[in-house]
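Ready for some practice in reading a protein model? Have a look at the sequence and the 3D view, then work through the exercises below.

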Amino acid sequence: MPNLLRLGLCRVWGVFFLVSLTLTIWLHPTLSWPSIADMGSTDQRTTPAQLVQEGVALYQDGDFQPAIDRWQSALQAYTQAADVAAQAVINENLARAYQQLGQPAAALDAWGAAASHYRRLGDATKLGRTLTEQAQVHLRLGQYRRAIALLCHPQLDQSDQPCVAGSAWALAQTHQDRLGEVAALGSLGESYRLWGNYTTAEELLQQGLTLAEAEGYVQFQVPILNSLGSLAQRQARVSSQRAESAQQLGLSGFASDFFAQAQQRQAEAQQVLERSLTLAQEHQDPLGELQTRLNLLPIYRHQADSGALQENRQHLATLLAQLPASRSVAYGAIALGKSYQPMDVGFRCGGTDWLAQAQPWLERGAAIAVTIGDRRAESFALGELGHLYECRGAFPQAMGWTTRAQLAATDGLGAADSLYLWQWQAGRIYRQQQQWGQAMGAYEQAVATLESIRTEILVADQDLQFDFRDTVEPIYRELIDLQLSTVDPALPVAVAPGVKQGTSPPTDATRLLEAALVTADSLRLAELQNYFGNDCILTPVAQARVDLLAQSTNTAVISSVVLPDRTALIANIPNQPPKLIWIDHSQDLQEQVIQFRLGLEAFFTEPYDTAIAQHLYQQLIAPLEPTLQAADINTLVFIHDGFLRSVPMAALYDGQRFLIEKYAIATTPALTLTAPEALSLENMQALVLGSSQAVVAAGRQFRPLPGVPREVDSVLAALPGSQALLDTDFSQASLQRLLQAHPYDILHFATHGQFSPDPQENFIITGQGETVTFGQLEALIRASSPNDPQVDLVMLTACDTAAGDDRSTLGLAGVAIRAGARSAIASLWQADDLTTAQIVQDFYHYLQDPQLNKAQALQQAQIQAIQRGASVTPGKWAPLILVGNWL
């Protein structure tokens, strides 16, 4: 009998590009398997072994579905014969074929069956390798926790702990399976890279590379080097974004440092990838060369190295022509076609010079996808062709390709992540032809599809946090623009220059404003989900929207939406339809807001100039003021967008009084993420944690905070029964111990902290210089009170948020959610700690008044600071803002 054939695996972790597209795994030369029992058939063409061999031949020719059909027939026969070893092998082959067809659920089922068979056989080596394969499928789906659990340990924060028994890496180590160990290390490193834990990722990948080199596993060195190159590219992108933010603020020194870091990491990425390319060429590994050259494309484009770019494209063209049809070749052709598009334009057109060069490769990708029956790959190729015709202005042809892309995405399993793109594309095409009704419908379909897959797509790959602004965020904003542009404000009144206002709009306009608010809320949720990624799955907590709940109170909810050329303010005031205000020239408004923020922060070096505060007041508040006064409003809740999140509304100035002197003020990240429930403030107890000494943490020197001891004492005096940890007594271990010993209503942190563009770098600093991320803080809170894990208030009085950086302010906007609290009071920048200590003392004093809620208690404390003479330096009292439940 012929030996049963199993498809060997050479590359076992995916490389992500485009919109979560994955390159296929690579095939090792076919391995033999021990002979199976003769089942008595006299026709060798119909024996199960022959079916397996035919399936392998079909698979290697790219005929994946016929291969699956052969293997399914063979599997049935081996199941009847109770041949467990044969069943394991065939399930492995089926899993790889399902992966080639973009059917991850079926692939997981097949890998799971193979793992079960290997457990029955007691074959620990093959079990470990199969667990690594399973982890890879979870990895491609963005399910990092499941991948890491299969590979090593069930908790993401246990990377410094030994792997649990029975995990892929542990099995490989125990049974001295060096090949399995390299595969597990590479997959685990890739998991941490995509999750965003770059330090752990780099350590694991380097460890895997060292072992692969020692054992001579060249087939693993190429993908590990590609992962390391992708890691360096990602870090370069982070530094570039920070440099751009610093440059926008005029901080040239910081910008230069960040640009230098970006260039260094980009050079490292190029060096690592070119090393991978040399290895692939020396060992005649065409798929390894294809993968590496695709990863080098953005580097050469970024460098504007036309010679290297052209040479790389020529080599890619040759490889794509030589390789048999497969998913990797289909997606490679699509990626090559897209490489001709101008950089950083997303789905904008950016000229037409590239169209003729891109079209043949997109058509090639579509043809290969049809050949192998991969509807998901076909959807991407057809959609990109539609975009190409959109950029030519050939709208009928563009709509034809786009419609075909939608059909392919609808038919293809797991292709919903492309469907929304082509629904959005249809909306753009309709919009450019001024077919407003059809455009609105297409955009609404795109948003509905996004909502259905929001969690999956926005946590699927941390690299997509950068693509979010190109492929997700514009859909929401363009729909909001359509919805609001349809509103025709009635009876415009004279207002300040640059501001347009209308009285109560008619019923149809009210419906459109409500629809815009719902879309804006979906955008807020998508932004926060994308920012926090796989660490924090967001779900609405309010039974009704905040603005609707406020209808029965003296509270107005003001939402802002920043569009490319103008900014919308939508105000919900009790017992009135929503009101719309337009502020023209969003770029001018952003510059004013940044200057306002910088002026507030410079309280210790420069006298405060109220001119910008007054100008912003006239734009943001004055048009609403008559209505607010008529409705007897005493509280303003802001749901701000973009750069408006980086400034305290309390410091806006009407020429005589600050806004906080007129209204209690709070902010909330979204309409449905805050439950404004009044809670009992009696017998509240706090755990107070402070650090007054200078510390070095996260590679930075943090200055001393001499006002912290006074701040700690004031909280203990105001809330009897509270406990405190100060300076070296405050450690992560002592925090955990006290939380486990006693539930607290308030966690008060009088210590340094920061909010950064990367959520992994949002932390507070203990008195021993440890960093505690907000994810770790949430875990500590949940572990201490599993039945009611939320505390009522987290107070962070010495945090710092990067001005002008929208991603940093997302961390602040979501701080209450991430820390597992109903509300938070946090500082936008490092304020004067003596002033802060007095504000804290006054806040807790006013919080004892049953007639005042949290927003009003903070208002009174800040008014007291103003009356003590801080009115000339609002930068001392203004940075503290209330986020979340204001009652």
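**Exercise 1: A charge over a ring**

In this predicted model, R428 lies over the face of W424, at 4.5 Å from the ring centre. Find the lysine that lies over the face of F347, and give its distance from the ring centre.

*Solution.* Start at the ring of F347 and look over its face: the residue there is K338. Its distance from the ring centre is 5.4 Å. Now bring the two rings together: F347 and W424 belong to one aromatic cluster, along with F380 and W422.

**Exercise 2: Name that ring pair**

Work out how the rings of F347 and W422 are arranged, and then do it again for Y389 and W401.

*Solution.* Step one is knowing what to look for: a pair of aromatic rings is described by the distance of the centres and the angle of the planes.

Step two is the count, which comes to 11 aromatic pairs. Take F347 and W422 from these: the ring centres are 6.1 Å apart and the planes stand at 70°, so this pair is edge-to-face, as angles over 60 degrees are. The two residues sit in distant parts of the chain, 75 residues apart: F347 is in the loop between α14 (327-338) and α15 (355-372), while W422 is in helix α18 (residues 416-432). Both F347 and W422 are buried.

Step three is Y389 and W401. Here the centres are 6.4 Å apart and the planes are at 15°, so the rings are stacked, the label for planes under 30 degrees apart. Y389 belongs to helix α16 (residues 375-392) and W401 to helix α17 (residues 395-411), so the pair ties together parts that are 12 residues apart in sequence. Y389 and W401 are both buried as well.

**Exercise 3: Two helix crossings**

Decide how α4 and α5 run relative to each other, then do the like for α12 and α13.

*Solution.* Begin with helix α4 (residues 104-121) and helix α5 (residues 124-140): their axes come within 9 Å and cross at roughly 165°. An angle over 145 degrees counts as roughly antiparallel, so that is the label for α4 and α5. Their crossing is left-handed. Who makes the contact? On the α4 side the residues include P104, W111 and Y118, and on the α5 side they include K126, L131 and H138.

Next come helix α12 (residues 286-303) and helix α13 (residues 306-322), with axes that come within 10 Å and cross at roughly 150°. That angle makes α12 roughly antiparallel to α13. α12 also passes α13 in a left-handed crossing. Among the residues that meet here are L290, L297 and Y300 from α12 and L309, H315 and L320 from α13.

**Exercise 4: One serine up close**

Is S116 buried, partly exposed or exposed? Say where S116 is placed too.

*Solution.* First, the place: S116 is in helix α4. Second, the accessibility: the value for S116 is 38%, so the residue counts as partly exposed, between the cut-offs of 20% and 50%. Third, check for company: A88 is 28 residues away in sequence, yet the C-alpha atoms of S116 and A88 are 8.2 Å apart.

**Exercise 5: Zoom out**

How many helices and strands does the protein have, and what share of the residues is buried?

*Solution.* Count the elements and you get 34 helices and 20 strands. Of the 887 residues, 62% are buried. One last step is about contacts with a separation of 6 or more: residues 24 or more positions apart account for 72% of them.

Note on methods
Residues are numbered from 1 along each chain as its sequence is written. This is a predicted model: local features need pLDDT of at least 70, side-chain atom pairs count only at pLDDT 80 or more; totals for chains, interfaces and linings use all residues. Side-chain values use heavy atoms; hydrogens and water are left out. Rings of Phe, Tyr and Trp (its six-membered ring) pair if their centres lie within 6.5 Å; planes under 30 degrees apart count as stacked, over 60 as edge-to-face and the rest as tilted. Helices (H or I, at least four residues) and strands (E, at least two) are DSSP runs, numbered from the N terminus. Buried means under 20% relative accessible area, exposed over 50%, partly exposed in between (1.4 Å probe, protein chains only). A charge sits over a ring if NZ of Lys or CZ of Arg is within 6 Å of the ring centre and within 35 degrees of the ring normal. Axes are lines fitted to C-alpha atoms, for helices over the stretch in contact, and angles run from 0 to 180 degrees between N-to-C directions. Angles under 35 degrees count as roughly parallel, over 145 as roughly antiparallel, 65 to 115 as roughly perpendicular and the rest as oblique. A crossing is left-handed if the near helix is turned anticlockwise from the far one by less than a right angle, and right-handed if clockwise. Contact means heavy atoms within 4.5 Å.
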